[in-house]
Amino acid sequence: TFDPEMNRIYVGTGNSGPYDAQLRDPGSSGDNLYTSSIVALDANTGKYVWHYQETPRDSWDYKATPNMVLATLNLEGKVRKVLMHVPTNGFFYVIDRDTGKPISAEKATVVTWAKSIDMKTGRPVEEPGIRYAKGDHEQWPGAVGGHNWQAMSYNPGLGLVYIPMQQIGLRLSRGEQSVNAFNVMGLMVEPIVKKPGDGKGS
């Protein structure tokens, strides 16, 4: 996304692979820097300006590639140049375009992998057991995300954001699963429809 006001380019980066972080970098607990992130670059020089990682140490195919919307908003009496983004991890982020710091981050669909986003650190407050270390694990949204490639938009006249959403879960396991599961780089994954609203969009 090009920002003519700040002369910057914002790049949404993809997920990590293999999905299983223990296969990807055994013995490490790092965030896998710049994956599942928004990276701001100077449009003239290509130099790094800032980045914000929406899903540190991604282990579920969550990516930051869905489209971004730029806007100028009056927030609590202060004019802010913001970037609005709903990646596949299910959160709706409003990010300061100058600093790359999140202003707000709220769940936009059913999200079970994180309780919230810590606004002091910008990091997700992860739920326990989400990295499938103890067998099968089910979580929402699944790999296709709460929001994916379908474009979101903003109406400044109404102050509304329009986001094509979908709801579907995912079962992950390092072991065998049902006949409906498939192997993705050493991890068994299976889309699941269990919760009210699963398999539907809005």
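**Exercise 1. Glycine 12 and the first sheet**

Task: In this predicted model, determine which residue of E3 stands opposite glycine 12, and place the pair in its sheet.

Solution.
1. Glycine 12 stands opposite isoleucine 38 in E3.
2. Strand E2 covers residues 8–12 and strand E3 covers residues 37–42. The two strands pair in the antiparallel sense over five bridges.
3. A further pair in this ladder is valine 11, whose bridge partner in E3 is valine 39.
4. The sheet is open and has four strands, in the order E1-E2-E3-E4, with antiparallel pairing. Its edges are strand E1 (2–3) and strand E4 (48–53), each of which pairs on one side only.

**Exercise 2. The hairpin of E1 and E2**

Task: State how many bridges join E1 and E2, and identify which residue of their hairpin takes a positive phi.

Solution.
1. E1 and E2 are antiparallel and are paired over two bridges.
2. Within this pairing, the partner of aspartate 3 in E2 is arginine 8.
3. Four residues lie between the strands of the hairpin, and asparagine 7 takes a positive phi near 55 degrees.
4. Phenylalanine 2 also belongs to strand E1. Its relative accessible area is 47%; because buried requires under 20% and exposed requires over 50%, a value in between is classed as partly exposed.
5. Phe2 contributes, with Ile9 and Val11, to a nonpolar surface patch of about 240 Å².

**Exercise 3. Hairpins around E6**

Task: Compile the pairings of E6 with E5 and with E7, and describe the turn of each hairpin.

Solution.
1. E5 and strand E6 (residues 78–85) run antiparallel and are joined by eight bridges. Leucine 73 stands opposite arginine 80 in E6.
2. The hairpin of E5 and E6 has two residues between the strands, and glutamate 76 in the turn has a positive phi of about 55 degrees.
3. E6 and E7 likewise run antiparallel, joined by four bridges. Here histidine 85 stands opposite tyrosine 93 in E7.
4. The hairpin of E6 and E7 has five residues between the strands; glycine 90 in the turn has a positive phi of about 100 degrees.

**Exercise 4. A salt bridge between buried residues**

Task: Establish where arginine 97 and aspartate 3 lie in the chain, and whether each is buried or exposed.

Solution.
1. The side chains of arginine 97 and aspartate 3 form a salt bridge with an N to O distance of 3.0 Å.
2. Arginine 97 lies in the loop between strand E7 (91–96) and strand E8 (102–107), while aspartate 3 lies in strand E1; the pair links parts of the chain 94 residues apart.
3. The relative accessible area of arginine 97 is 1%, so this residue is buried.
4. The value for aspartate 3 is 0%, so this residue is buried as well.

**Exercise 5. Two further salt bridges**

Task: The whole structure holds 14 salt bridges. Analyse the pairs aspartate 25 with arginine 57 and arginine 171 with glutamate 138.

Solution.
1. In the salt bridge of aspartate 25 with arginine 57, the closest N and O atoms are 3.2 Å apart.
2. Aspartate 25 is in the loop between helix H1 (21–24) and E3, and arginine 57 is in the loop between E4 and strand E5 (68–75); the separation is 32 residues.
3. Aspartate 25 is buried at 17% relative accessible area, and arginine 57 is buried at 7%.
4. For arginine 171 and glutamate 138, the closest N and O atoms are 2.7 Å apart.
5. Because arginine 171 lies in strand E15 (residues 169–173) and glutamate 138 in strand E11 (residues 137–139), this pair ties together parts 33 residues apart in sequence.
6. Arginine 171 is buried at 17%, whereas glutamate 138, at 26% relative accessibility, counts as partly exposed.
7. Salt bridges with shared partners also join Asp3, Glu5, Lys81 and Arg97 into one network.

**Exercise 6. The largest pocket**

Task: Give the volume of the largest pocket, and determine which element gives the most to its lining.

Solution.
1. The largest pocket has a volume of about 260 Å³.
2. Its lining comprises 15 residues, of which His51, Tyr52, Gln53, Thr121 and Gly122 lie nearest the centre.
3. E4 gives the most to the lining, with three residues. E4 is also an edge strand of the four-stranded sheet.

Terms used: Residues numbered from 1 in each chain as written. Predicted model: local features only at pLDDT ≥ 70, side-chain atom pairs only at ≥ 80, totals over all residues. Heavy atoms only, no water. Pairing = 2+ DSSP bridges. Salt bridge = Lys/Arg side-chain N within 4 Å of Asp/Glu carboxyl O. Buried < 20%, exposed > 50% of the residue type's maximum accessible area, 1.4 Å probe, protein only. Patch = residues over 30% accessible without salt bridge, like charges linked within 9 Å, V, L, I, M, F, W, Y side chains within 5 Å. Areas by Shrake-Rupley, 256 points an atom, 1.4 Å probe, with all protein chains shown as cover. 1 Å grid on protein atoms, 1.4 Å probe; cavity = no way out; pocket = protein on both sides within 12 Å on 5 of 7 lines; lining within 4 Å. Points joined across faces, edges and corners; volume = space filled by probe spheres on them.
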